[in-house]
Amino acid sequence: MNLAFLSKDYPPQQVGGVGTYVTEMSRLLARKGHQVFVISQGDSVYEELLVPGGQSIRVIRVQPARLSFMDLVRDSHPGLVERLEYSWSVSQALKRLHKDIRLDVVEASEARAEGFWYYLTHRNPPLLIKLHTPEYVAVKLNQTHRLPYWRGAHSLEKHWIFSAHQLVGITQAVVDKVAESYRVRLQGIPLVRNPIDLDFFSPNGVAPSDSQPEILYVGRLEFRKGVQVLARAIPKVLSQCPTATFTFLGDPCGMESYVSETLAPYMERGAVQWLRGIPREELLGYYRRATLVVIPSLWENSPYTCLEAMSCGKPVVCSSGGGLSELAEHGVNGWLTAPGSSAELAQGIIHLLEHPDTRMRLGRNARSHIIKQYDEKSIYEQALAVYENTATR
C-alpha cells in the first residue's frame, strides 16, 4: 500500500507521543514492504530514511505559509492562524504527492487539523484519524482553554475529526473522551495499539540498587502530566526513604518554575534533578537504571513512557486516569493511584521501595505483558486491516 502520515512532529524535531508513534509505525510499515511518506515540518524539502530490510521512508518537509487573508485575526488568534497556515502548506504538499503517487490512505492525528484545507475540497485519498488526545482535551486539563483563540481551534479540531473516513482509537478511554468532549456517540471505533521496539526497550538483567533507589519521571513538565502532583509527593517519599533520588526527564511546558521552586531544597542537596533535551534513543539507559518509573498524569491515552518503562521490566506507579488503567493492572504489572492524589502517589512509591519482592514481580510481569500485548505481528495485522478497510471507502 501507499500510505502517508501527516505529522508536524517527526525526527529530528520529534516531540511527544504523536511523533514517537509516527516514527514507530512508519518504520514498521516500511519493514513490511509498504511505501510510506511523511509530511512534516522542517527546512529540507525531501529526504529518504533507510529502513533495514524494508522500503525507505520518504519525508517531505514544509514550513507554514503566510496567508494574507489571515492578517485580520493574526494578533487576536495566533494559535488558530498558525494551525491554518501550517495546514495550508501540508495540504499543498499532499495534493502534489497524491497526484504523483496515488495514495491509498492518509493518516493524521486529531490535533492541529494538519490536512484541513486539502480535505475541504477532496475526498480522496481516504483520511484516517487516529485519536491520540484532542488538543481541546489537553488544554482543558492544562487549564489554558480560556485563551480567546481556543474557541476557534476547538471548532477547527471538531470539523477535522468528523471529516475523517475512519476514526481509530488506541484505548477505549480516548474514544470515550472524544465522544464526551464533542457530545457525540461513537460506536464501533476500532482500537489499534501503538507499536514499540521491544528489542530496544528491554531489560539489561542488572537489578537497581536498593540502598539508593532512583525514581524516574519522563515527559513534558506540563500540568496535565501531573508534575505538580509528583512535586507534592516527593517530600513525603523522602521523609520515609531519605536515600531515594528523583529524576525528571522532559522539556519545559509551563510547570518548570513550579517544580524548580517547590523542590529547590531537594535539588540543592542532589535528591532531585531535572534534565531536558534527552533524545529518545538515550532514554534506555535511564529506564534501565531506574528503580521504578512514575506517571502521575491527570489523564492520559496511551503514553509511550508507560510502554517503554514496562518493556524495560520496570514497575510503574501511575494514575488510573484515562487509558493508563488499560495499560497497567493494579498489583499485577503496575501500581495505580487516584489522579491528582499526591498522598496516594507517595504511598505507592514508598510501598514499592519498601517491598522489593513486590517491585521485582511487577517489573517482570510488566515485561511479559508488553511482549504479549505489543507483539509486532499482532499490531501490524490490526493496523493493516484498518488501512485496507479505510482504502475501500
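Tutor: Before we start, a helix here is a DSSP run of H or I with at least four residues, a strand is a run of E with at least two, and both are numbered from the N terminus. Keep in mind that this is a predicted model.

Student: Fine. How many helices and strands does the protein have?

Tutor: Those DSSP runs are what we count. For this protein the tally is 15 helices and 13 strands.

Student: And why is the protein said to be as compact as a globular protein of its length?

Tutor: The globule rule gives 21 Å for 393 residues, so that is the number to hold the model against. Along the principal axes, the C-alpha atoms fill a box of roughly 60 × 50 × 40 Å. The protein counts as being as compact as a globular protein of that length because its radius of gyration is close to the rule's value, at 21 Å.

Student: What share of the contacts with a separation of 6 or more comes from residues 24 or more positions apart?

Tutor: Let's put burial next to it: 56% of the 393 residues count as buried. For the contacts with a separation of 6 or more, the share from residues 24 or more positions apart is 67%.

Student: Now the empty space. How many cavities of 30 Å³ or more turn up in the whole structure?

Tutor: Rolling a probe the size of a water molecule over the atoms shows where empty space is left. The largest cavity holds about 60 Å³, and the second largest has about 50 Å³. With that 30 Å³ cut-off, the search of the whole structure gives three.

Student: Which element gives the largest share of the lining of the largest cavity?

Tutor: The lining includes Y21, M25, L128, K130, A383, V386 and Y387. Helix 1 (16-31), strand 6 (127-131) and helix 15 (376-391) each put in at least two residues. The largest share is three residues, and it comes from helix 15.

Student: How many charged residues are in that largest cavity's lining?

Tutor: E107 and K130 are among the residues lining it, and Glu and Lys both count as charged. The lining also has eight nonpolar residues and no polar ones, and its charged count is two.

Student: On to the second largest cavity. Which element supplies the largest share of its lining?

Tutor: Ten residues line this cavity, with R83, R112, E135, A153 and E157 nearest its centre. Helix 4 (135-141) and helix 5 (150-161) are the elements that give two or more residues. The largest share, five residues, is from helix 5.

Student: And how many charged residues does the lining of the second largest cavity have?

Tutor: R83, R112, E135 and E157 are among the residues nearest the centre, and Arg and Glu are both in the charged class. Besides five nonpolar residues and one polar residue, the charged ones number four.

Student: R112 showed up there. What is its phi?

Tutor: Most residues other than glycine have a negative phi. R112 is in the loop between strand 5 (105-109) and helix 3. It isn't a glycine, yet its phi is positive, at about 75°.

Student: Is R183 buried or exposed?

Tutor: R183 is another non-glycine residue with a positive phi, near 55°, in the loop between helix 6 (172-182) and strand 8 (214-218). Exposed means over 50% relative accessible area. R183 has 80%, so it is exposed.

Student: What about S26, is it buried or exposed?

Tutor: S26 sits in helix 1 and touches F5, Y10, V36, V38 and I57, leaving aside residues up to four places away in sequence. Its side chain has a polar atom 3.1 Å from the backbone oxygen of T23. The cut-off for buried is under 20%. S26 has a relative accessible area of 0%, so it is buried.

Student: Which residue is joined to N124 by a cis peptide bond?

Tutor: Most peptide bonds are trans. The bond from P11 to P12 is cis, with omega near 10°, and P12 lies in the loop between strand 1 (2-6) and helix 1. The partner of N124 is in the loop between helix 3 (116-121) and strand 6. With omega about 0°, the cis bond joins N124 to P125.

Student: Last one: which element gives the most to the lining of the second largest pocket?

Tutor: That pocket has a volume of about 360 Å³. Of its 18 lining residues, A207, P208, G313, K314 and M360 are closest to the centre. M360 falls within the 356-373 range of the element that gives the most, five residues, namely helix 14.

Conventions
Residues are numbered from 1 along each chain as its sequence is written. This is a predicted model: local features need pLDDT of at least 70, side-chain atom pairs count only at pLDDT 80 or more; totals for chains, interfaces and linings use all residues. Side-chain values use heavy atoms; hydrogens and water are left out. On a 1 Å grid over the protein atoms alone, a cavity is a set of points where a 1.4 Å probe fits but cannot get out, and a pocket is an open set with protein on both sides within 12 Å along at least five of seven lines; lining residues have an atom within 4 Å of a point. Grid points are joined across faces, edges and corners, and a volume is the space filled by probe spheres set on the points. Buried means under 20% relative accessible area, exposed over 50%, partly exposed in between (1.4 Å probe, protein chains only). A polar contact is a pair of N or O atoms within 3.5 Å; within protein, one must be able to donate a hydrogen and the other to accept it, and residues adjacent in sequence count only if both atoms are side-chain atoms. Contact means heavy atoms within 4.5 Å. The radius of gyration is taken over C-alpha atoms; the globule rule is 2.2 Å times the number of residues to the power 0.38.
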